[in-house]
Amino acid sequence: MKAYELQKTSGIDAWVKVERPEPKPGPGQALVRIRAVSLNYRDLLLAEGRYLGPPSRPVIPVSDGAGEVVAVGAGVTRVKPGDRVAPTFFQTWTSGEPTAELRNKALGAGNTDGVLAEYVVLDAEGLVHLPEHFSFEDGATLPCAAVTAWNALVPQGRLQAGQTVLAQGTGGVSIFALQLARLLGARVIITSSQDEKLERARALGAEGTVNYKKNPDWEEKVLELTGGKGVDHVIEVGGEQTLPKSIRASRSGGHIALIGLLSGSFGKPDPSAAEPKKLQIENIFVGSRAMFEDMNRLILQHRMKPVIDRTFPFEEAREALRYLKEGAHFGKVVIKV
């Protein structure tokens, strides 16, 4: 079978196209023919050595994909050949709270192969059925970005209808947060450096938009849009440079979901700014299979479709990763396998 390997951490060219034997499912496992994968900023960080060190062995990259089950191992009843599925980011986190051991087994990093291959063997308990109206390309966008947004808003954020969400930028997590929050009856404010992207966000239901290039003190604009009160929830993907502004833009008792590090590293809240507001500030570690399935029920109910910016062929996987790095995308970047 065809696959890509991350053989060292030398940048985008570290993704090397290889031939591997087609794997076979063991007990409790399923063999999935991958049809599409989607990229996350984590994939770029891994290739550049900014997330983990060099892999101890060649590892298939990318955590997010979708395909159909072609064979199952002994004892598998959750899925059957022909089922259309996507893997969970953490293969063995089905429900409840995550443990350090669970978080160390994320797909596409460390010693755990990901999904940028024609065939992958996955834990059958770590597979989720796709919404019936989804293509494989649609399904490939869900495991990391969508579940992260869902976890930030619902299980940890306890979002209520009528509340206001601030989403930073127009990448995968933020666009999913916009779509899901709107389905749940919340108001959304979104930021971007490009007016064209802000217009597209408005078309998806964003009620407030802020160009942070034109408004460097964008938190003041957010406060203005909320009548000085501040937002109830922040999807904080920027990191150290944006977190102080997110704290300023939040209402007293608000919730900030720490997700990304686009500005260089994860943000650490300044207690002198955060504590007087009694903010709930917490890291989001994607989510469990139960969260994935809860989210899918809402998606199916409303026939929601993800926003895919561009789809690349398998042979141009490195070009897809390079496109992601440029930051011109709106929504998700997908590779067809």
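User: What makes a pair of side chains a salt bridge, and which distance applies to Arg35 and Glu68?

Analyst: A salt bridge is a side-chain nitrogen of Lys or Arg within 4 Å of a carboxyl oxygen of Asp or Glu. In this predicted model, the side chains of Arg35 and Glu68 meet at 2.7 Å, N to O, so the pair satisfies that cut-off. Arg35 belongs to strand 3 (residues 29-38) and Glu68 to strand 4, and the pair, 33 residues apart, links distant parts of the chain.

User: Why is Glu68 called buried, and why does Arg35 count as partly exposed?

Analyst: Buried means under 20% relative accessible area, and partly exposed lies between that and 50%. Glu68 has 16% and is therefore buried, whereas Arg35, at 28%, counts as partly exposed.

User: Why is helix 4 called roughly perpendicular to helix 10?

Analyst: Helix 4 (residues 142-153) and helix 10 (residues 289-302) pack at an angle of about 85°, with their axes 10 Å apart. Because angles of 65 to 115 degrees count as roughly perpendicular, helix 4 is described in that way relative to helix 10. Among the residues making the contact are Trp150 of helix 4 and Phe292 of helix 10, and the contact residues divide into 10 nonpolar, 2 polar and 1 charged.

User: How do you know whether Ser63 is buried or exposed?

Analyst: The relative accessibility of Ser63 is 1%, and since the cut-off for buried is under 20%, Ser63 counts as buried. Ser63 lies in the loop between helix 1 (41-47) and strand 4 (64-72), and its side chain makes a polar contact with the side chain of Asp64 at 2.7 Å.

Technical notes: Residues numbered from 1 in each chain as written. Predicted model: local features only at pLDDT ≥ 70, side-chain atom pairs only at ≥ 80, totals over all residues. Heavy atoms only, no water. Axes fitted to C-alpha atoms, helices over the stretch in contact; angles between N-to-C directions. Helix = DSSP H or I, 4+ residues; strand = E, 2+ residues; numbered from the N terminus. Parallel < 35°, antiparallel > 145°, perpendicular 65-115°, else oblique. Contact = heavy atoms within 4.5 Å. Nonpolar A, V, L, I, M, F, W, Y, C, P; charged D, E, K, R; others polar. Buried < 20%, exposed > 50% of the residue type's maximum accessible area, 1.4 Å probe, protein only. Polar contact = N/O pair within 3.5 Å; in protein donor to acceptor, adjacent residues only side chain to side chain.
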